[in-house]
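Here is a quick tour of a small set of backbone and ring features, written for someone who likes to check the geometry along the way. Have the viewer open and follow along.

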Amino acid sequence: MTSEVLQITMSPDKPYFRLSTFGNAGSSHLDYPKDSDLMEAFHCNQTQVNRCKISLLKPSTKALVLSCHVSTRTDNRGFLSLQYMIRNEDGPIYFVEYYCCPDEEVRESES
């Protein structure tokens, strides 16, 4: 709850996909294996660690609550792309995209 950043680690090796936060009460890590039931597809050629401000990601949680699928991508500069697929009961499927630039550079010793 006291963390200001979300660190996203993607790697072709374990831990594959990791979400981390760091706060006054300590750090927290959630690891997802690439063959998890939560992963439809996982493609990663090299390890990348990026941090985004949680305050910038919070507005995207409204779309997250409504979504049935989420696509998470990063580019080589660390820009995060979240694409939410939202099904309308009586109509078409909608896609909401959210982009966030990395907050800060992560040094090798921190990751």
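## Starting at a strand pair

Let's begin with one residue pair: F22 stands opposite S27, which sits in β3. Bear in mind that this is a predicted model. The pairing of β2 with β3 is antiparallel and runs over seven bridges. These two strands make a hairpin, with two residues between them.

On to the other hairpin. Strand β1 covers residues 5-10 and strand β2 covers residues 17-23; five bridges join them, and they run antiparallel. Two of the facing pairs are easy to pick out: M10 is opposite F17 in β2, and T9 has R18 of β2 as its bridge partner. Here six residues lie between the strands of the hairpin.

## The sheet as a whole

In what order do the four strands line up in the sheet? Reading across, the order is β3-β2-β1-β4, in an open sheet with antiparallel pairing. The edges belong to β3 (26-32) and β4 (48-53); each has a single partner strand, so one side of each is left without a neighbour in the sheet. On average, neighbouring strands here are turned by 20° against each other, ignoring direction.

A bit of background for reading such a sheet: strands pair through backbone hydrogen bonds, and the pairing can be parallel or antiparallel.

## An odd bit of backbone

The loop between β1 and β2 deserves a look at its torsions. P15 is found in this loop, and the peptide bond joining K14 and P15 is cis, with omega at about 15°.

Y16 is in the loop between β1 and β2 too. What is the sign of phi at Y16, which is not a glycine? Phi there is positive, about 60°. As for solvent, Y16 has a relative accessible area of 16%, which is under the 20% cut-off, so Y16 counts as buried.

## Two ring pairs

Now for the aromatics. Such a pair is described by how far apart the ring centres are and by the angle between the planes. How many aromatic pairs does the count give? It comes to two.

One of them is Y16 with F42: the centres are 6.2 Å apart and the planes are at 85°, so this pair is edge-to-face. Why does the pair tie together separate parts of the chain? Because Y16 lies in the loop between β1 and β2, while F42 lies in the loop between β3 and β4, and these parts are 26 residues apart in sequence. Both Y16 and F42 are buried.

F17 and Y32 form a tilted aromatic pair, with 6.0 Å from centre to centre and 50° between the planes. This pair also links distant parts of the chain, F17 being in strand β2 and Y32 in strand β3, 15 residues apart. Are its members buried or partly exposed? F17 is buried, with a relative accessible area of 12%, whereas Y32 is partly exposed at 23%.

Methods. Residues numbered from 1 in each chain as written. Predicted model: local features only at pLDDT ≥ 70, side-chain atom pairs only at ≥ 80, totals over all residues. Heavy atoms only, no water. Pairing = 2+ DSSP bridges. Axes fitted to C-alpha atoms, helices over the stretch in contact; angles between N-to-C directions. Buried < 20%, exposed > 50% of the residue type's maximum accessible area, 1.4 Å probe, protein only. Phe/Tyr/Trp six-rings, centres within 6.5 Å; stacked < 30°, edge-to-face > 60°.
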